[in-house]
Amino acid sequence: MLIAATGLTGFVGREIARRLAREGDLRIRALVRAGGRRDRLLQVAPEAEVLEGDVADAGVLARLVEGAGAVVHASHDMLGGDEGRRFRDEGPGFRHDYLDRNLRAGCDLIAAARLAGVRQFVAISSFSVYGRQPHEGPPITDDSAPRPNNPYSALKAAFDAFCHAFDGRLPDGVSILRPSLVIGMDPKPEDSNYWAMARSILANEPVEASGGTSTVRNEDVAEAVALAIRKPAIARGVVNLADRYTDVAEVAEILKEMSGSHSEIRVGVRRGEPTTPASCARAVALGVRFRGVDGLREHLARVLAAARQGAAPTR
């Protein structure tokens with residue numbers, strides 16, 4: 001089956017491409033913008049078909065989805081800088097471009113998928129649409145209503161609503177994956193989660209550690225995409241992907257322990273695991289295997305190794 005996809009040169013998308021390339025009966029056609037880093041995609045999915053073009057070009061989207069059995073939409077155009085601040089503070093030009101390249105382009109893509117006879121649409125959304133962490137209010141489940149609290153989460157919630165509107169128009173419907181903060185090694189190690197903290201701890205410098213957020217590994221997001229394609233009936237609707245709540249102080253303490261550093265960890269606000277963690281019932285039913293603290297420690301070990309070597313990770 002042919003999988004048409006966007007966003008596969010990005011941090012999460014590249015891991016999705018790596019995972020889909022392992023499926024012997026799946027072929028990938030990926031949209032890559034002119035001048036984009038197609039090498040990042042081809043390093044992990046060398047057999048992928050690359051279609052060069054703009055996600056805001058409806059004609060390109062029609063060519064992308066032609067003959068596809070499923071579409072994976074993983075792209076998000078930040079247009080550079082702090083998108084939340086720019087959306088609120090800049091003139092209408094930025095807001096129009098931001099909505100055009102994300103919300104309108106996404107709607108054009110799912111509409112093109114329907115017209116082309118695509119069976120399933122998989123959208124990468126965000127856990128941020130809930131506007132809070134599991135500590136704050138009732139349990140967050142796959143069926144919880146979005147309450148976005150910034151332009152990014154509002155955009156994601158809006159596109160999710162359009163996806164729901166198209167669900168009955170596709171034979172296998174729509175799957176909306178909502179990952180929390182995704183952790184993993186970036187092709188540029190210095191852009192990886194907790195890189196700066198690891199460097200400070202290796203240098204035995206004091207570290208400020210406050211707050212936290214729900215996290216999930218990029219491997220788990222990619223696994224969820226592959227499983228959603230294999231099991232569309234289970235994946236239909238919203239699929240939360242939130243492995244655990246990760247305190248920044250916990251991260252600092254693990255990095256200090258692993259490195260043998262003498263850094264002082266200056267702990268600020270610390271919450272620990274919520275009494276009622278976020279529910280990921282559909283992800284579990286699909287077969288996603290969250291790793292919990294073991295997965296976090298595995299990621300931090302990679303970060304430390306790359307920080308020590310000053311070189312790109314090997315995986």
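Helix α8 is mostly covered, with 12 of its 13 residues buried. Buried means under 20% relative accessible area, against over 50% for exposed and partly exposed in between, using a 1.4 Å probe and protein chains only. The model is predicted: local features need pLDDT of at least 70, side-chain atom pairs count only at pLDDT 80 or more, and totals for chains, interfaces and linings use all residues. Residues are numbered from 1 along each chain as its sequence is written, and side-chain values use heavy atoms, leaving out hydrogens and water.

Stay with α8, residues 218–230. Its buried residues include Asn 218, Glu 219, Asp 220 and Glu 223. Val 225, Ala 226 and Leu 227 are also among them. Helices here are DSSP runs of H or I, at least four residues, and strands are runs of E, at least two, numbered from the N terminus. The expected span is 1.5 Å times one less than the number of residues. For the 13 residues of α8 that gives 18 Å, and the end C-alpha atoms are 19 Å apart, which agrees.

From Ala 226, step across to Gly 84. Their C-alpha atoms are separated by 31 Å, with these positions 142 residues apart along the chain. Gly 84 belongs to helix α4, residues 83–89. Gly 84 counts as buried because its relative accessible area is 13%.

Now turn to a loop. Ser 192 sits between β7 (181–183) and α7 (195–202). Ser 192 is buried, so its relative accessible area is low in the defined sense: 6%. Its side chain reaches the backbone nitrogen of Asp 186 at 2.8 Å. Ser 192 also touches Gly 184, Met 185 and Asp 186, leaving aside residues up to four places away in sequence. Contact means heavy atoms within 4.5 Å.

Note on methods:
A polar contact is a pair of N or O atoms within 3.5 Å; within protein, one must be able to donate a hydrogen and the other to accept it, and residues adjacent in sequence count only if both atoms are side-chain atoms.
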